[in-house]
Amino acid sequence: FQINMDEIEIIGELGKGNYGSVQQVFHRPSQIYMAMKEIRLELDESKLNGIIMELDILHRAVAPEIVEFYGGFTIESCVYYCMEYMDAGSLDKLTGGGVPAKDVTEDTEDAEIRVPEPVLRRITAAIVRGLGFLKDELQIMHRDVKPTNVLINKKGEIKLCDFGVSGQLEKSLAKTNIGCQSYMAPERIKGESQNQLSTYTVSSDVWSVGLSIIELAKGCYPYPPETFANVFAQLQAIVYGPAPTLPKGYSADAHDFVANLLKDPNARPTYAELLKHPFLLADKDAEVDMVEWVAQSLERRAARGVKTLSPVEA
Ligand code: ADP
C-alpha cells in the first residue's frame with residue numbers, strides 16, 4: 001500500500017539520529033503502529049523522487065532479520081520512510097551503550113560481562129544472517145552496521161535497518177556525516193581520506209559487525225574515550241592502532257570469532273564462513289530466552305534513567 005502523511009498520526013519521538021528524527025506513528029488505514037524516519041535533505045524534487053524510487057527495493061527486503069519497510073514519501077525537502085516499529089529500540093540503548101566509557105571502571109569492564117554469551121551469540125547470528133541475506137538476495141551491502149541500526153523487540157526478534165539501498169541518499173548523507181563514533185573499517189577510512197568512495201567491499205561491513213559486537217559486550221564504544229572528542233585521533237586509532245578485543249569472560253570461540261572480523265580486509269571471513277564458525281554453530285540448538293533477556297534489559301534501562309517514550313503497545 002501507498003502511505004501518505006494525511007493518514008498518519010504522530011505519537012511521539014523514538015530517537016534522533018545524525019540526519020533527522022524517528023517518530024512513532026499510527027497509520028490509520030492499516031491500523032499499524034510504525035516508526036517513521038524523517039531525513040532533511042537539500043535536494044531538488046527530481047533527486048528526492050529518485051530516492052523514493054530507489055527505496056522501493058526495500059519492499060523486496062523481506063527476511064526475519066530485516067526491519068519491514070512499509071513505504072516512503074517526500075514533503076518539501078524531506079524524505080520520510082515508514083518501517084516496522086521495534087518496541088525495545090536499538091541495541092545500543094538496550095545494553096548500556098550511551099554510558100560513556102569513563103563511567104565503566106576498568107574493573108567492571110573486565111569482570112562483568114554486559115551480555116551473556118548465549119544472548120551475544122544469538123544477536124550476532126541474526127546480524128550475520130541479515131547481512132548475508134542482503135548480500136545474496138539483493139546484492140547490497142549494508143554500509144552502516146552499528147548498534148543503533150540493530151533493532152530489537154519484546155518478542156526477542158533482532159533486525160537490521162538503515163542499509164544502503166539508495167545511491168542518491170548515500171551521496172547526500174555522506175556530506176553531512178558527523179558521527180563521533182566511527183564503525184568504519186580502516187580501509188574505508190583510508191579510502192575516504194583519499195576521496196576514493198568505492199574502495200571498500202562487503203568485508204568492510206564485517207569489520208563493523210566486529211566492532212558492534214564488542215560494544216555490545218562491553219557496554220561502551222570500544223575505542224578509548226579520549227578519541228570521542230577528536231575525530232582525527234579516533235580515525236588514527238582505528239587505522240593504525242591494535243584492533244579492539246572482547247572483554248574477558250567470554251569463551252575462546254567467542255574471542256576467536258570476533259578477532260577474525262577485525263583482521264585485514266582480505267583475511268576477514270564471508271558471512272557463509274562465519275555461520276559455520278563454532279561460536280555461531282552453537283546457537284543452532286541453544287535455548288535462549290530472548291524474551292526474558294529483553295524484558296530484563298528494558299527494566300535495567302529504565303533504572304539507568306534512559307528516557308523512553310512509553311508508546312502505545314503495537
Ligand atoms: P542513526 O542515524 O544514529 O542511525 P536513526 O535516526 O536511525 O539513528 O535512529 C534514531 C533512534 O531512533 C535509534 O537509535 C532508535 O532508538 C530509534 N529507532 C529507529 N528506528 C526505529 C524503529 N523502527 N523502531 C523503534 N525505534 C527506532
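**A tour from the sheet to the ligand**

Select Arg40 and Cys78 to begin: Arg40 stands opposite Cys78, a residue of strand S5. The model is predicted.

Next, colour strand S3 (32-40) and strand S5 (78-84). S3 and S5 are paired through seven bridges, in the antiparallel sense.

Now show the whole sheet. In what order do the five strands of the open sheet run? The order is S1-S2-S3-S5-S4, and the pairing is antiparallel. Select S1 and strand S4 (69-75), which stand at the edges. Each has a single partner strand, so one side of each is left without a neighbour in the sheet. Turn the view to compare strand directions: on average, neighbouring strands of this sheet are turned by 25° against each other, direction ignored.

Add residues 45-55, which form helix H1. Helix H1 lies across S4 and S5, and its course is at about 175° to S4.

Then move to the ligand and select the residues around it. There are 22 of them, and Gly15, Gly17, Val22, Ala35 and Met86 come nearest. Which elements give two or more residues to this shell? They are strand S1 (8-16), strand S3 (32-40) and strand S5 (78-84). S1 supplies the largest share of the shell, three residues.

Last, colour the shell around the ligand by residue class. Ten of its residues are nonpolar, seven are polar and five are charged.

To finish, keep S1 in view: S1 is an edge strand of the sheet, and S1 also gives three residues to the shell around the ligand.

Note on methods. Residues numbered from 1 in each chain as written. Predicted model: local features only at pLDDT ≥ 70, side-chain atom pairs only at ≥ 80, totals over all residues. Near = placed C-beta within 6 Å. Helix = DSSP H or I, 4+ residues; strand = E, 2+ residues; numbered from the N terminus. Nonpolar A, V, L, I, M, F, W, Y, C, P; charged D, E, K, R; others polar. Pairing = 2+ DSSP bridges. Axes fitted to C-alpha atoms, helices over the stretch in contact; angles between N-to-C directions. Contact = placed C-beta atoms within 7 Å.
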